[in-house]
Amino acid sequence: MTHISYTKVRLRQTARFYRDGSALAGTIVGGPAGLETSVDVESEEPSERVRRLVDMAEASCYALQSLLQNVEVTSVFTLNGDPLPEAAPA
């Protein structure tokens, strides 16, 4: 898309998550604990052009943007094809 020449690109992304509490006690919770991204580019292009490419890659990364932005989440639960009742208030 950007017509940047490169010999090699190596990307490594590690997502970390946590889970705490007890399933038996009904206190289990989980969520994101971090996202680490490492990009190694081999290219004869000027650093400014490669920097632009890396910035666009971050802007279009689904994992990164999902953690950085508030997103609307919709969940539908069924049991044997019928809607599952709402959870009782805690």
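Start by selecting Met-1, Thr-2, His-3, Ile-4, Tyr-6, Leu-53, Met-56, Ala-57 and Ser-60: in this predicted model, these residues line the second largest pocket. The space inside comes to about 210 Å³. Colour the lining by class and you will find six nonpolar residues, three polar ones and no charged ones.

Keep Ala-57 selected, and add Leu-11, Thr-37, Val-39 and Glu-58. Together these five lie nearest the centre of the largest pocket, which has 13 lining residues. Three elements each give two or more residues to that lining: strand E1 (8-20), strand E2 (29-42) and helix H1 (47-59). This pocket holds about 310 Å³ of space. Its lining has ten nonpolar, two polar and one charged residues.

Now for some charged pairs. Side chains of opposite charge can pair when their charged atoms come close. The count for this model is three salt bridges, and you can visit each of them in turn.

Select Arg-16 and Glu-36 for the first stop. They form a salt bridge, with their closest N and O atoms 2.7 Å apart. Follow the chain from one to the other and you will see that the pair links distant parts of it: Arg-16 sits in strand E1, Glu-36 in strand E2, 20 residues apart. Switch on the surface, and Arg-16 shows up as partly exposed at 35% relative accessible area, while Glu-36 is partly exposed at 46%.

Next, select Arg-51 and Asp-55. Here the closest N and O atoms of the salt bridge are 2.9 Å apart. Why are these two separated by about one helical turn? Because they are four residues apart in helix H1. Asp-55 is partly exposed, with 37% relative accessibility, and Arg-51 is partly exposed too, with a relative accessible area of 46%.

For the remaining stop among the charged pairs, pick Glu-45 and Arg-49. Their side chains meet in a salt bridge at 3.0 Å, N to O. Arg-49 counts as partly exposed at 34% relative accessibility, and Glu-45 is partly exposed at 21%.

Finish at Ala-63, which lies in helix H2 (residues 62-68). Is this residue buried or partly exposed? Its relative accessible area is 34%, so Ala-63 is partly exposed. Which residues does Ala-63 touch, leaving aside those up to four places away in sequence? Select Gln-13 and Leu-35 to see them. As a parting step, set a distance label between the C-alpha atoms of Ala-63 and Glu-44: they are separated by 29 Å, with the two residues 19 apart along the chain.

Conventions
Residues numbered from 1 in each chain as written. Predicted model: local features only at pLDDT ≥ 70, side-chain atom pairs only at ≥ 80, totals over all residues. Heavy atoms only, no water. Buried < 20%, exposed > 50% of the residue type's maximum accessible area, 1.4 Å probe, protein only. Contact = heavy atoms within 4.5 Å. 1 Å grid on protein atoms, 1.4 Å probe; cavity = no way out; pocket = protein on both sides within 12 Å on 5 of 7 lines; lining within 4 Å. Points joined across faces, edges and corners; volume = space filled by probe spheres on them. Nonpolar A, V, L, I, M, F, W, Y, C, P; charged D, E, K, R; others polar. Salt bridge = Lys/Arg side-chain N within 4 Å of Asp/Glu carboxyl O.
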